[in-house]
Amino acid sequence: MSKLDQILVLEPPSDLKFKGPFTDVVTTNLKLKNPSDRRVCFKVKTTAPRRYCVRPNSGVIEAGAAVIISVMLQPFDYDPNEKSKHKFMVQTIFAPPNVSDMDSLWKDAKPDDLMDSKLRCIFELPSENDKMNDVDVSKSAPVMNSVKNEQPSTTTAAAAPAATIMTTASASSLDDGEMQKLLEKCKRLQSEMSKVAEENRHLKDDGARIRKMARSDHASAHSAASLPSLLVVIAAIFIGFFLGKFIL
C-alpha cells in the first residue's frame, strides 16, 4: 500500500525562513490548514530540538479549521558561510472518532496511516537595503499618521502641534525630574558625609579629653603618695630638734 499524501495545507509549503540578527529569539510562523471533512492530528518534529521552541508542537485540527504554529529559534552565533542543515517535519494522521490519549495514538499508528511534510530552515541576515527601508518606514510613519488623522477643523489642526509640544515638554520634564533626583541624592550624600566628619571630630575631642583627665589623675595620685613621706621627714626633724634641746 502506497504512503498517503499530506492532507494538510502548509504555509509556507517547504521553507521556514528566519531573518537575523540572531542575537535574540527569532520567531517565524507556520500555518496548518485542514481542508478535509475529518479531524486531523498533527505533530511537529525537528532535527535540532535544542535550538528551537515550537508552540504548539502537537494537537488536533478540526475539519475546515487552521492552526498557527510559532517556531522560535534560540539565539546563537551565526556564521554566513555555514549552511543550515536544520529541518522540520509535520506528521499527521486522521483522528479516530473518540481520541483521548494522543501518545498511544502515535505509538500504535501504522506507517501506512501516517502523512508527513518536510521543511528546511533558511537563515537570512538583513541586507543594507532592508535596513535603509526600515529606517525610511520608521521616519515616514509619523508623517503618515499625522496625514491620516488630519481633519478640516482648525481646532484639530491646532491640537496636533499642541500635542507635539506637550510630548516634548513631558520628555524634557522627565529629564529635569531625573536630574533633580540626582541632585537631591548628591545633597543627601554630602550631608551624611558632613555628619560623619562632625562625629569623627567629636570622637577625637573626647579622646583628647579622656587622655588629659588620665594624666591629671596620675599626677594627683603621685602627689598624694609623696605627701606621707614629706610628713615623716618633718616629724623626724622636729623630734631631732627637741631631743637635741633636752640633751644639751
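Me: A charge is said to sit over a ring if NZ of Lys or CZ of Arg is within 6 Å of the ring centre and within 35 degrees of the ring normal. What makes the charged end of arginine 51 qualify with respect to the ring of phenylalanine 76?

Reply: The charged end of arginine 51 is 4.5 Å from the centre of the phenylalanine 76 ring, and the limit for CZ of Arg is 6 Å. Arginine 38 gives a second case, with its charged end sitting over the ring of phenylalanine 94 at 4.1 Å from the centre. The model is predicted: local features need pLDDT of at least 70, side-chain atom pairs count only at pLDDT 80 or more, and totals for chains, interfaces and linings use all residues. Residues are numbered from 1 along each chain as its sequence is written, and side-chain values use heavy atoms, with hydrogens and water left out.

Me: How many aromatic pairs does the ring rule give, and why is the pair of phenylalanine 18 and phenylalanine 123 assigned to its class?

Reply: Rings of Phe, Tyr and Trp (its six-membered ring) pair if their centres lie within 6.5 Å; planes under 30 degrees apart count as stacked, over 60 as edge-to-face and the rest as tilted. The rule yields nine aromatic pairs. For phenylalanine 18 and phenylalanine 123 the centres are 6.0 Å apart and the planes stand at 65 degrees, so the pair is edge-to-face. Phenylalanine 18 belongs to strand S2 and phenylalanine 123 to strand S9, so this pair ties together parts 105 residues apart in sequence. Strands (E, at least two residues) and helices (H or I, at least four) are DSSP runs, numbered from the N terminus.

Me: Are phenylalanine 18 and phenylalanine 123 buried or exposed?

Reply: Buried means under 20% relative accessible area, exposed over 50%, and partly exposed in between (1.4 Å probe, protein chains only). Phenylalanine 18 has a value of 0% and is therefore buried; phenylalanine 123, with 15%, is buried as well.

Me: What class does the pair of tyrosine 52 and phenylalanine 88 fall into?

Reply: The ring centres are 4.9 Å apart and the planes are at 80 degrees, so this pair is edge-to-face. Tyrosine 52 lies in strand S5 (residues 52–55) and phenylalanine 88 in strand S8 (residues 87–94), so the contact ties together parts 36 residues apart in sequence. Tyrosine 52 is buried with 7% relative accessible area, and phenylalanine 88 counts as buried at 3%. Both belong to one aromatic cluster, formed by Phe18, Phe22, Tyr52, Phe76, Tyr78, Phe88 and Phe123.

Me: Which strands form the sheet that contains S2 and S9, and in what order?

Reply: Two strands pair if DSSP finds at least two bridges between them. Five strands form an open sheet with mixed pairing, in the order S2-S9-S8-S4-S6. Strand S2 (15–19) and strand S6 (58–61) are its edge strands, each pairing on one side only. The twist from one strand to the next averages 25 degrees, where axes are lines fitted to C-alpha atoms, for helices over the stretch in contact, and angles run from 0 to 180 degrees between N-to-C directions. S2 and strand S9 (residues 115–124) run parallel and are joined by five bridges.

Me: What makes the link between aspartate 15 and arginine 120 a polar contact?

Reply: A polar contact is a pair of N or O atoms within 3.5 Å; within protein, one must be able to donate a hydrogen and the other to accept it, and residues adjacent in sequence count only if both atoms are side-chain atoms. The side chains of aspartate 15 and arginine 120 make such a contact at 2.9 Å. Aspartate 15, placed in strand S2, also stands opposite arginine 120 in S9.

Me: How is S5 joined to strand S7?

Reply: Four bridges join S5 to strand S7 (residues 66–73), and the two run antiparallel. Valine 54 stands opposite valine 71, and tyrosine 52 opposite leucine 73. S5 has a covered face with Tyr52 and Val54, and an uncovered one with Cys53 and Arg55. S5 belongs to an open sheet of four strands, ordered S1-S3-S7-S5 with antiparallel pairing.
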